[in-house]
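Welcome! Here is a short tour of one structure, with an eye on its rings and its core. Take a moment to look it over before reading on.

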Amino acid sequence: MTFNKWLKRLVYEDSPIGDLARDNKVDPTFPDSDSYNELYDYLISQKASDLCLLSFDKAWGKYLTECNKEETQ
């Protein structure tokens with residue numbers, strides 16, 4: 001499962017990660033990727049706030065844990 005698909009499951013979560021999920025849901029250009037660097041660079045290119053980047057880092061850690069993936073940066 002890609003990060004994008006995993007994140008879309010959290011759109012109803014009342015948290016900063018849920019906020020990220022809702023932003024992702026309405027952004028058709030959000031990369032469907034398993035690359036931390038690609039996703040982080042995309043958020044930077046979209047001028048993501050520090051809170052958004054922190055939420056992404058936390059979400060990425062949860063994603064790796066839940067999907068039993070090795071970190072791919």
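How many aromatic pairs does the count come to? In this predicted model, the count comes to twelve aromatic pairs. Two of them are set out below.

| Pair | Distance of ring centres | Angle of planes | Kind |
|---|---|---|---|
| Phenylalanine 3 and tryptophan 6 | 5.7 Å | 35° | tilted |
| Tyrosine 36 and tryptophan 60 | 5.7 Å | 70° | edge-to-face |

The partners in the tilted pair both belong to helix H1, where three residues, about one turn of the helix, separate phenylalanine 3 from tryptophan 6. Phenylalanine 3 is buried at 0% relative accessible area, and tryptophan 6 is buried with 0% as well. Leaving aside residues up to four places away in sequence, tryptophan 6 touches Met1, Ala59, Lys62, Tyr63, Glu66 and Cys67.

The edge-to-face pair is built another way: tyrosine 36 sits in helix H3 and tryptophan 60 in helix H4, so the pair ties together parts 24 residues apart in sequence. Both tyrosine 36 and tryptophan 60 are buried. These two pairs meet in one aromatic cluster formed by Phe3, Trp6, Tyr36, Tyr40, Phe56, Trp60 and Tyr63.

Now for the core. The largest nonpolar core has 20 residues, and Phe3, Trp6, Leu7, Leu43, Phe56 and Trp60 touch the most other members. Helices H1, H2, H3 and H4 each supply at least two residues of this core, with H4 giving the most, seven residues.

Helix H4 also holds serine 55. Is serine 55 buried or exposed? Serine 55 counts as buried, because its relative accessibility is 5%, under the 20% cut-off. Beyond residues up to four places away in sequence, serine 55 touches Pro16, Ile17 and Leu20.

Technical notes
Residues are numbered from 1 along each chain as its sequence is written. This is a predicted model: local features need pLDDT of at least 70, side-chain atom pairs count only at pLDDT 80 or more; totals for chains, interfaces and linings use all residues. Side-chain values use heavy atoms; hydrogens and water are left out. A nonpolar core is a set of buried Ala, Val, Leu, Ile, Met, Phe, Trp, Tyr and Cys residues joined through side-chain atoms within 4.5 Å. Buried means under 20% relative accessible area, exposed over 50%, partly exposed in between (1.4 Å probe, protein chains only). Helices (H or I, at least four residues) and strands (E, at least two) are DSSP runs, numbered from the N terminus. Contact means heavy atoms within 4.5 Å. Rings of Phe, Tyr and Trp (its six-membered ring) pair if their centres lie within 6.5 Å; planes under 30 degrees apart count as stacked, over 60 as edge-to-face and the rest as tilted.
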